[in-house]
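Open the structure in your viewer and keep the selection tool handy. We will start with the whole chain and then move to the ligand.

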Amino acid sequence: PTLIPPCLPTPTAWPSASPAPASRPGACPTSRRRLWSTTRSPSREYNPGEGLHGAGHLGGGGGGSARRISDTTSLALGGGEKLGFIIAGAPASGKGTQCKAISERYNVKHISTGDALRAQVKGKTALGMKAKGFMDAGDLVPDELVMNIVKAATEDVADDQGYLLDGVPRTMPQAHMLKDLGIDPSAFILLNVPDEILVERITGRRIDPVTGESYHVKFFPPPAGEIAARVYQRSDDTESALRTRLVKFHENVAAVKGFYSDVMVEVNGNQQKAVVQAEIMAGVDKLLAKKKHAH
Ligand code: AP5
């Protein structure tokens with residue numbers, strides 16, 4: 001998880017937010033002009049009724065010291081446009097697994113709606129209490145709650161950083177809401193994995209509450225000892241909740257995919273993690289190079 005609202009106590013179970021990376025020499029200045037539409041409400045709330053006291057400041061991010069992209073693309077695409085990605089896919093398709101490497105390579109802040117919602121549930125905030133029932137049942141959380149989180153988190157993206165939305169939009173109304181907020185991604189990464197594989201991934205998944213690392217009892221077991229002893233299973237990682245999550249995914253994915261067809265990077269997520277990562281980056285680099293050339 002990379003989103004930890006500071007309004008919550010800093011539990012030992014969650015990693016602390018990484019500091020924002022320093023500006024890279026030679027990086028073009030970026031602005032939020034393209035991230036936010038000029039017509040947006042001056043309020044930090046997406047909709048009245050669910051104030052941002054619930055969503056809070058969602059700091060953290062995907063900075064870090066790993067090697068970053070340099071030559072073919074850069075953070076700024078030109079014209080003040082901010083670099084931004086969306087990663088989508090069915091439950092357990094590997095979105096979270098791939099986000100760390102993407103964040104580091106492209107200097108984009110990882111914003112996971114699932115992680116943010118779980119932090120709200122853990123902190124027993126009003127938003128978290130509303131979301132919990134939907135999440136445990138595998139159902140979608142109402143759009144306004146999710147969009148409040150996204151709006152707050154994306155507003156906090158540093159000027160020299162881009163964004164990586166993980167798990168949003170899941171529906172067409174959410175896609176339109178993002179567009180209304182001026183969120184126009186440079187790439188929409190879609191991981192394809194057959195349903196039967198997802199069931200095995202979900203039921204075997206274990207999370208390390210300290211690092212947020214996602215393990216699998218069979219394919220990626222947690223190291224024996226302290227880590228193996230503390231990993232836990234998510235409350236929505238049951239077969240029945242997964243069935244509902246899959247139904248919701250299949251109901252919506254085609255329309256959302258169509259919405260972002262011009263920036264689509266579709267990858268077979270049923271391959272080794274490193275292969276998936278390489279294919280994502282190759283697809284994104286190609287799109288960015290094309291886009292940069294067009295500027
Ligand atoms: P969220 O947390 O986003 O859940 P999800 O979409 O179901 O995705 P997961 O986190 O389960 O999986 P993942 O794709 O990140 O896979 P991972 O990398 O962990 O959302 C939870 C809930 O919040 C939703 O159900 C909903 O209620 C609510 N919500 C969130 N966003 C919302 C929105 N926009 N609107 C409304 N409601 C919203 O990998 C899974 C497992 O597979 C791991 O064990 C991993 O080690 C393994 N694995 C990963 N890659 C590979 C590989 N290549 N090969 C083998 N194993 C792999």
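Begin by selecting the whole protein: of its 295 residues, 52% count as buried, meaning under 20% relative accessible area with a 1.4 Å probe, protein chains only. You are looking at a predicted model, in which local features need pLDDT of at least 70, side-chain atom pairs count only at pLDDT 80 or more, and totals for chains, interfaces and linings use all residues. Residues are numbered from 1 along each chain as its sequence is written, and side-chain values use heavy atoms, leaving out hydrogens and water.

Now switch to a cartoon view. The protein has 10 helices and 7 strands; these are DSSP runs numbered from the N terminus, with helices (H or I) of at least four residues and strands (E) of at least two.

Next, select the ligand and the residues near it, that is, those with a heavy atom within 4 Å. You should find 32 residues, the closest being Thr97, Asp139, Arg170, Arg205 and Arg245.

Zoom in on some polar contacts (pairs of N or O atoms within 3.5 Å). A backbone N or O atom of Asp139 sits 2.6 Å from a ligand oxygen, and one of Gly94 sits 3.1 Å from a ligand oxygen. For Arg245, look at the side chain: an N or O atom there is 2.7 Å from an oxygen of the ligand. Taken alone, the ligand exposes 1000 Å², and the protein buries 94% of that (Shrake-Rupley method, 1.4 Å probe).

Finally, color α2 (95–106), α3 (113–122) and β6 (214–216), the elements that give two or more residues to the shell around the ligand. Which element gives the largest share of that shell? It is α3, with 4 residues.

Technical notes: Buried < 20%, exposed > 50% of the residue type's maximum accessible area, 1.4 Å probe, protein only. Polar contact = N/O pair within 3.5 Å; in protein donor to acceptor, adjacent residues only side chain to side chain.
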